[in-house]
Amino acid sequence: MAPPSSEDRLSRLRGPIAPQAYTARKITALTANPGCARRAVLDAAGVDKNALAARVGFAARFGQSPFAISRGNAFEDLVKADGYAAMFTLLRAELDVPVHEAGVADLNTVGANTDLKLRAAETRRLLRRVAEGSDERLILDHPVLTLQVAGQSAYLEPDAVTHRIGGRFYIAEIKSFAAIDGQADPGKVAEAAKQAAVYVLALRQTLAALGLDASAAAAAVADQFLLICPKDFANHPYGRLVDLRQKLDAIEFQLGRLSRAEDLAALLPADATFDLTMGLDGKPARTGEELARALDHLDPAYNPACLDFCELAQYCRGQATTACEPARLGTSVRNELAGIDSTRTALRLIDAALDPDPTQAEIVERLRAADRLRSRRIGGAA
């Protein structure tokens, strides 16, 4: 009998619940901490991390409100009304891009079918038509692009891909945060740019899969994206091009550092599971203790920044605190204490209660020097 495939293994980890798809937001979170085996496996298996965090007693404390989602959907509908008329206005008047009219291919469904693989195949078919030299003006509404992430194929949906303008496709992203007097919140713009960079990389990979060489595929997609958001305090669409070059370099580099999720999953015990289903009696099929034991077989890479984007950050922080891991105090402390497993160990080394090994000697000398300076400052203040 043939051994189970890596996809089967990841599917068994998740259990019978339908998988959660990769999103650009998930990928930017994953690349923000590429050393985290825990997140790599859970995202590849499509596990609902929000539900998992709640089940192990550390419910996530963030998420988008239903009101914000509703407002965002309403604004997107406004931009898309009358065949993306608002987008064409922005491309012409505010961005000085010579586009007058274009068709719109709605890729939210294909023949009333929402299957991602089918939509991705139709997206490739339409991209091929345009990329092979056709001058056809065609906006792709919610195309599905593929990107390799930790050895898995991620299916991603930008809001839109423009037809070729000056020989290049542009990613367009529609956001509900406002631009006041032409300035939007820098943090929100930066987050939108990270997501757009993921889409650009996915579009380039998709074009490469159609037969373009890597350099041609890169040149065919702009390293800017069109950000569309409400202007001032009204719902009038405003747009500008945002440079992505730094974001593209950073995310591409971090994607290359990710370990293959199936290799990490293979290290788990055969009975490990993240099955979140409920039994017929209304009780969870797996207890929180069982789920936590499975989680503990996957190495996290916690640092305080995880609290901003990862649903399991509270759980990982609790473990890091219990183990006195230097990383819980930030990446700078972790880097300064490289090779020292805990702050408890660091204190014993400073007090000479523990002898350093040769690899720790330089770090320990710096720690003891810092401790002497601290003691002098305290003594002088007294």
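Residues 24 or more positions apart supply 62% of the contacts in the protein chain that have a separation of 6 or more. The model is a predicted one, and its protein chain holds 15 helices and 10 strands. Of the 382 residues in the chain, 43% count as buried. The C-alpha trace spans about 75 × 65 × 45 Å along its principal axes. The accessible surface of the chain amounts to about 19,600 Å², and carbon and sulfur atoms contribute 52% of this area.

Strand β9, which comprises residues 221-230, offers a point of entry into the strand arrangement. This strand is mostly covered, with 8 of its 10 residues buried. It pairs with strand β6 (residues 169-174) in the parallel sense over 5 bridges; here phenylalanine 169 stands opposite valine 221 of β9. Strand β9 also pairs with strand β10 (residues 237-243), in this case in the antiparallel sense over 7 bridges. Within that pairing, isoleucine 228 has glycine 239 in β10 as its bridge partner. The hairpin of β9 and β10 has 6 residues between the strands, and aspartate 232 in this hairpin takes a positive phi near 55°.

Attention may now turn to a pair of helices. The axes of helix α2 (residues 24-32) and helix α9 (residues 245-257) come within 9 Å and cross at roughly 70°. Because of this crossing angle, α2 is roughly perpendicular to α9. On the α2 side the contact is made by Ile27, Thr28 and Thr31, and on the α9 side by Ile251, Gln254 and Leu255. The residues of this contact divide into 3 nonpolar and 3 polar, with no charged residue.

Note on methods: Residues are numbered from 1 along each chain as its sequence is written. This is a predicted model: local features need pLDDT of at least 70, side-chain atom pairs count only at pLDDT 80 or more; totals for chains, interfaces and linings use all residues. Side-chain values use heavy atoms; hydrogens and water are left out. Axes are lines fitted to C-alpha atoms, for helices over the stretch in contact, and angles run from 0 to 180 degrees between N-to-C directions. Helices (H or I, at least four residues) and strands (E, at least two) are DSSP runs, numbered from the N terminus. Angles under 35 degrees count as roughly parallel, over 145 as roughly antiparallel, 65 to 115 as roughly perpendicular and the rest as oblique. Contact means heavy atoms within 4.5 Å. Ala, Val, Leu, Ile, Met, Phe, Trp, Tyr, Cys and Pro count as nonpolar, Asp, Glu, Lys and Arg as charged, and the others, Gly among them, as polar. Buried means under 20% relative accessible area, exposed over 50%, partly exposed in between (1.4 Å probe, protein chains only). Accessible areas come from the Shrake-Rupley method with a 1.4 Å probe; for residues, only the protein chains shown count as cover. Two strands pair if DSSP finds at least two bridges between them.
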